[in-house]
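Let's take a walk through this fold together, starting with one residue and then widening the view. Keep the model open and turn it as you read.

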Amino acid sequence: MLTEDGKHLYVSYHEYHNLIEKLALQIHRSGWEFDNVLCLARGGLRPGDIISRIFERPLAIMSTSSYRAAAGTIQGKLDLAKYITTPKGELSGRVLLVDDLADTGHTLHAVVEMLRRDYPPITELRSAVIWTKGISTFRADYSAEELPTNPWIHQPFEQYDSTRPQDLLHKWG
């Protein structure tokens, strides 16, 4: 649900999963065949996992981090993992890069540049995101939703950003 001022988008689990399915259908309708899914952790873990299951492709994971300050609401220095975790040797062939959103585009540009430079076995690279903000300088090959008002997206699992073990003890005893 988008707030009236367009500054916040609140997404339920149901809406979140529907958008991932919409993204998967967009990829399918394109007719593009890919060999591997590479998701960017943390935001791309859930959509990457679901897409890898739907298309029955191996899931590789690359860890990135830039949102740390102010409970994850302020973008800081971008860190990219040195290694990609994959169940089958080296990442190669046609790769679908998956993340949750293209916010500023900084992370996706950096990852694509690194993959093209450091992973010559990748023969083709395409990208897929759930959301693309209007301010993003990166345009994914596949995007479930365009967000011209650049809202802050409140994803359904973000409640765990502030949940601690003592909170669970209080809840569950």
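Which residues does Leu45 touch, not counting residues up to four places away in sequence? They are Cys39, Leu40 and Ile61. This is a predicted model, so please read every value below as computed from predicted coordinates. Leu45 itself sits in helix α2, and it counts as partly exposed because its relative accessibility is 31%, in between the cut-offs of 20% and 50%. If you would like a sense of distance, try Gly31: Leu45 and Gly31 are 14 residues apart in sequence, and their C-alpha atoms lie 23 Å apart in space.

Now step back to the whole chain. Its secondary structure consists of five helices and eight strands. Followed along the sequence, these elements come in the order β-α-β-α-β-α-β-β-α-β-β-β-α. The C-alpha atoms fill a box of roughly 50 × 35 × 30 Å along the principal axes. How does the radius of gyration fit with a compact globule? For 173 residues such a globule would have a radius near 16 Å, and the chain has 17 Å, so the two agree.

A few overall numbers help to fill in that picture. Of the 173 residues, 42% are buried. Among contacts with a separation of 6 or more, 65% are accounted for by residues 24 or more positions apart. On the outside, the chain exposes about 9,900 Å², with carbon and sulfur atoms supplying 54% of that area. As for charge, there are 19 positive and 22 negative charges, and their mean positions are 3 Å apart.

Next, let's go inside. The largest nonpolar core has 25 residues, and those with the most contacts within it are Leu23, Ile27, Phe34, Ile51, Leu96, Ile130 and Trp131. Two or more residues come from each of α1 (13-30), α2 (45-55), β5 (93-102), β6 (122-133) and β7 (142-147). The element that gives the most is α1, with six residues. Another core, of 20 residues, lies apart from this one, and its members include Ile84, Leu97, Val111 and Val129.

Phe34 is a good place to pause in the largest core. Leaving out residues up to four places away in sequence, Phe34 touches Ile27, Ile51, Phe55, Arg57, Arg94 and Leu96. Two of the residues on that list, Ile51 and Phe55, are also among the buried residues of α2, together with Pro47, Gly48, Ile50 and Ser52. It helps to recall that an α-helix has 3.6 residues a turn, so residues three or four places apart point the same way.

The two ends of α2 reward a closer look at the backbone. Ahead of the helix, in the loop between β2 (36-41) and α2, you will find Arg42. A cis peptide bond joins Ala41 and Arg42, with omega about 20°. After the helix comes Glu56, whose phi is positive, near 55°, although Glu56 is not a glycine. Glu56 lies in the loop between α2 and β3 (59-68), and it counts as exposed because its relative accessibility is 68%.

Further along the chain, Asn150 also has a positive phi of about 55° without being a glycine. Asn150 is in the loop between β7 and β8 (152-154). With a relative accessibility of 26%, Asn150 counts as partly exposed.

Two more loop residues complete the tour. Is Ser136, in the loop between β6 and β7, buried or exposed? Ser136 is buried, because its relative accessible area of 7% is under the 20% cut-off. Setting aside neighbours within four places in sequence, Ser136 is in contact with Ala102, Asp103, Thr104 and Gly105.

Ala81 is in another loop, between β4 (74-80) and β5. Ala81 counts as partly exposed, since 21% relative accessibility is not under the 20% that defines a buried residue. Beyond its neighbours within four places in sequence, Ala81 is in contact with Met62, Ser63 and Met114. Finally, find Arg139: Ala81 and Arg139 are 58 residues apart in sequence, with 22 Å between their C-alpha atoms.

Note on methods: Residues are numbered from 1 along each chain as its sequence is written. This is a predicted model: local features need pLDDT of at least 70, side-chain atom pairs count only at pLDDT 80 or more; totals for chains, interfaces and linings use all residues. Side-chain values use heavy atoms; hydrogens and water are left out. Helices (H or I, at least four residues) and strands (E, at least two) are DSSP runs, numbered from the N terminus. The radius of gyration is taken over C-alpha atoms; the globule rule is 2.2 Å times the number of residues to the power 0.38. Buried means under 20% relative accessible area, exposed over 50%, partly exposed in between (1.4 Å probe, protein chains only). Contact means heavy atoms within 4.5 Å. Accessible areas come from the Shrake-Rupley method with a 1.4 Å probe; for residues, only the protein chains shown count as cover. Lys and Arg count as positive and Asp and Glu as negative; His and the chain ends are not counted. The place of a charge is taken as NZ of Lys, CZ of Arg, CG of Asp or CD of Glu. A nonpolar core is a set of buried Ala, Val, Leu, Ile, Met, Phe, Trp, Tyr and Cys residues joined through side-chain atoms within 4.5 Å.
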